Amino acid sequence: MVRSVVSYHVDTSSRVNKSLCNQTCGWMMECPVKPYFCRFTCNGDGEPMDPNHHGWLHWFDKPIPDGGRPNTDLWPDVSEYSPSELFRAPDLQNADGEPMFLFSSRHSKTVRRHFHWMALHGVDGAFLQRFAGQCDVEAGSAAIRKIRDEVGDRVREAAEAEGRVFAIMYDVSGVDPDKIQRVLEQDWMHLMREKCVLDSPNYLREKGKPVIALWGFGFNHRNHSPQVVRSIVKFFRSSTPGGAYLMAGVPGHWRTSTSDSDPDPEFLRVWTEEFDALSPWTVGRYGNEEEAERWGNEKVKQDFDYLKRRGDEGEKRVDYIPVVLPGGSGYNLSRGQWGLNGIKRNGGRFLWKQIHAARHAGVRIIYGAMWDEYDEGTAFMPVVSSSKQLPVHPQFNFLALDADGESLPSDWYMRIAGFAAESLRGDRMLHESFPVKELQDYWATRPRYEETTSPKEEAEQWNEAQRAYHNWAVREEGAVVDEAPPPYVLEDETQSPQSHLCHHHLLRFQQGMNIRPVWTCVPNNLISNQVLRILLPGHRLVFLPLFLHPLLWPVWLTISLDRHRHTFHRMSSQSCSSSMRQGLLLYLLQSHKCLP
């Protein structure tokens, strides 16, 4: 899913070099793009589907006080979201009685944040999941399609702002086989003509052709005919300017036409003759590491070898993209029919076993399910680390990352995604043993992405910082810092335990200026994502947030400048606002020629 050195803005022309995720989100490694559902809505996040609708989609079937229930087992870590992005979850509190909050996929800042996480972890973009049943305007789905269009706009904006790519993935589940062709044709024309999705420079293309994924054809008991699927493929290729690169999300047993696959043998010819890539669905096909390894040997390797052999013999070459998942839990969603923590994550070892098995089979592109799928418990996005952070309710249970006895940071599975993509791209070795130590040190060894800031924006930021500093100086009775802070000496460490600094991992932050890779120095006791990125000798400022949370002050901040270390004096949140602190820091950095 990720690469070791990735330019911040990615080339959209070749899928084989991208990491994509589904925004429900699934992602792909060596082409790291994930599926992204982007389907969570909250009461108060915008106009509801109709005046009588409660506003909650996918988090709840309806508010708990009104007799509803949650749809998720995994509880998202929302500690990095800003207050404006969060919405109070109805009738859910933690053990201390404090209300719980959730995010909305309709919020532009939130979707931008999710894409920023992709960038930080080397995921090149997302497959935006679009459910065909929600696009059937003739069947009365105009309201929900409007929301899906709105979310699609946010995804496009975020992809373009973060230098990521995006592509459409249709899920045909639940649509009458007699209607599916009409629905897909009408909606794709709507996306091209009215939403202008292909006008975006960040829409994913393979050899110049827009990438479109169709998921859900050919499964057993769905009664799709091979003829209709061929006709749909023909429509997408002929109606899309420049043609289309088509990926099929197929049954796990597609090659043998058994088990979850439609028994009609004609489907095998459809897959190998009509599509450019096949991605067999594996969620629910195995539930532990032993079963995952067996699936890799008996299915993934044989599927891969079958398609490779056909290509070598002169037949149509078809890319093979197996699905891997971190785990699964859909107890609340299924009303107890699925087990709570039914597919244990085992601290990431379950996921790693699948990745290694696929790579061992020769696979170089892997699809990760899913980026934000909290519903079925397959999410890669942040999950609360401890069960102490979960909501407490007499009827419903929830999961944290410590469910299997592991103490993990909330971004653990995004780290695995990044690490695996680097391995698949050949930037590091991919061993069978789970790389615990490397993942723990993930942010201490990651290269950073270069972010472009326009000269106008830089000038505005600098002017604002100067004003903030001078306001602070006036407040401090005219004090102005004309000289460098006093040199850093060992006595400072002795006098204050807080001033004992260590090299710590590069922590992510939602805003800032990201110039080049460096180490970060922070106090040992500050384990937070809201910290400053400091300097090494000869390096420029890397990541300067626009504010620090008041709880992080007072703090000792050390900056490294040309082999000399200076202490940025302790400042109290009572005497100095966050913008003033930023202004003072910028002033000091400029005075030492760290900034232009």
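This is a short tour of a predicted model, moving from the whole chain to a hairpin and then to two helices.

Residues are numbered from 1 along each chain as its sequence is written. Because the model is predicted, local features need pLDDT of at least 70 and side-chain atom pairs count only at pLDDT 80 or more, while totals for chains, interfaces and linings use all residues, and side-chain values use heavy atoms, with hydrogens and water left out.

Begin with the whole protein chain, which has 13 helices and 18 strands (DSSP runs numbered from the N terminus, helices being H or I of at least four residues and strands E of at least two). Of its 596 residues, 58% count as buried, meaning under 20% relative accessible area with a 1.4 Å probe, protein chains only.

Next select residues 86–103, where strand S4 (86–93) and strand S5 (99–103) pair in the antiparallel sense over 4 bridges; two strands pair if DSSP finds at least two bridges between them. Leu86 stands opposite Phe103, and in the turn of this hairpin Gly97 has a positive phi of about 85°.

Now select helix H5 (266–274), whose buried residues include Phe267 and Trp271, and whose buried residues pack against, among others, helix H6 (289–312).

Finally, follow H6 itself from Asn288, which caps its N-terminal end with a side-chain oxygen 3.2 Å from the backbone nitrogen of Glu290. Further along there is a kink of about 35° centred on Gly296 (the bend is the angle between axes fitted to the seven residues ending there and the seven starting there), and Gly296 is also buried. After H6 comes Gly314, with a positive phi near 95°.

Terms used. Buried means under 20% relative accessible area, exposed over 50%, partly exposed in between (1.4 Å probe, protein chains only). Contact means heavy atoms within 4.5 Å. A polar contact is a pair of N or O atoms within 3.5 Å; within protein, one must be able to donate a hydrogen and the other to accept it, and residues adjacent in sequence count only if both atoms are side-chain atoms.
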